[in-house]
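I opened this entry to look up aromatic pairs and one helix packing. The notes follow in the order in which I checked them.

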Amino acid sequence: MSGFVSVIFMATLLGAASFGTGLLPLSVAFSKTSQSSLSALGIGLLLGAALGVVIPEGIETLALSRQTEPFPTSTIALALITGFTFMLVIERQISHHSHTYTAASQQQPEPSEESTVEFDVELGDLERTEGVASGEPSRIPPRPYTEEAPDAHERAYPLTLGLVVHALADGLALGSAALSDAGQEPATSGSIEFSGLSVVVFIALVVHKAPTALALTTSLLSTSLSPSQCKKHLAIFSAATPVSTVLSYVLLSFFRADSQGRWPGVALLFSGGTFLYVATVLQPSLTHGRPATGEDGSSKGRQLLLTIAGMFAPYCVAAILGDDHGD
């Protein structure tokens, strides 16, 4: 029961942090430079969590569940490729829907130049956020709400849907990581205990979701959606990962009883594939586009150092918490 309590605690904290961060653009000016640095750190944490913790843990879990059989090389490869492909398909489908809608809306007469908003819901652009690569110390002021555009909801739905699906995949990663921890170290009944893998994944998701939540709210405001509606969309996005975490933990617990731990290992590898896609395709802030005006070498160097630090942080956290399943 303590493992389930830990999952509930982490899922609730993750959802609250995501929702609270997403509320900031509604009332507080936010530095693009700070958001860019946070995004760079998030890239490193996702890469480090995937390559240094989640994927090795998934391989070990899967191998231990099939000790009497040959090493499951094909299963490992298939799970990683499936996770990567899943995020690829989701991004392309959402992006296609967005471009189709934008093309149709451009054929309609616009009431005024001020209300015309070019809106592209491609997840890669969202997670980088508009102008996030810029090193300029400019600030994004809270956008005063005047009147909700008639098509604001149609523009906002694909954006929210794409990130909700992404958030569901994040929940699978946290739920499977928590289940792997629970299966290795039995905890005292009624207590809340955390071990290496779940803590590493949790920290990576918290840092990764901060710029994503900020970008979501900012993009929703750009569609002329009212602040109250923005909060509803943000709440749905913030709740997706906690709900997926709990459901993944419960379902994988059930399947583990019938598969000797095979499915939790597959879920970890699938999650590792999604992490790799997010970090290398959806958030390539260090290599995306042309250098922005005012961006200097020191800004790029700072982002590079943050990414490298983020890549090694999950391994260090896992080592400190004693999550080395080797020697």
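For burial I took a residue as buried under 20% relative accessible area, as exposed over 50%, and as partly exposed in between. The model is a predicted one, and I kept that in mind throughout.

Entry one, aromatic pairs. My search returned three aromatic pairs, and I wrote down two of them. For F84 and Y277 I noted ring centres 4.9 Å apart and planes at 80 degrees, and because planes over 60 degrees apart count as edge-to-face, I entered the pair as edge-to-face. F84 belongs to helix α3 (residues 73-106) and Y277 to helix α8 (residues 262-282), so that distant parts of the chain, 193 residues apart, are linked by this pair. I found F84 partly exposed at 31% relative accessible area, whereas Y277, at 1%, is buried.

I then turned to F86 and F270, whose rings are tilted, with 5.7 Å from centre to centre and 50 degrees between the planes. This pair also links α3, through F86, with α8, through F270, across 184 residues. F270 has a relative accessible area of 16%, so I entered it as buried, while F86, at 30%, is partly exposed.

Entry two, helix packing. I looked up helix α2 (residues 32-64) against helix α9 (residues 297-320) and found an angle of about 40 degrees, with the axes 7 Å apart; the crossing is right-handed. Among the contact residues I listed A40, G44, L47 and V53 of α2, and L306, G310, M311 and Y315 of α9. Sorted by character, the contact comprises 13 nonpolar residues, eight polar and one charged.

Technical notes. Residues are numbered from 1 along each chain as its sequence is written. This is a predicted model: local features need pLDDT of at least 70, side-chain atom pairs count only at pLDDT 80 or more; totals for chains, interfaces and linings use all residues. Side-chain values use heavy atoms; hydrogens and water are left out. Axes are lines fitted to C-alpha atoms, for helices over the stretch in contact, and angles run from 0 to 180 degrees between N-to-C directions. Helices (H or I, at least four residues) and strands (E, at least two) are DSSP runs, numbered from the N terminus. A crossing is left-handed if the near helix is turned anticlockwise from the far one by less than a right angle, and right-handed if clockwise. Contact means heavy atoms within 4.5 Å. Ala, Val, Leu, Ile, Met, Phe, Trp, Tyr, Cys and Pro count as nonpolar, Asp, Glu, Lys and Arg as charged, and the others, Gly among them, as polar. Rings of Phe, Tyr and Trp (its six-membered ring) pair if their centres lie within 6.5 Å; planes under 30 degrees apart count as stacked, over 60 as edge-to-face and the rest as tilted. Buried means under 20% relative accessible area, exposed over 50%, partly exposed in between (1.4 Å probe, protein chains only).
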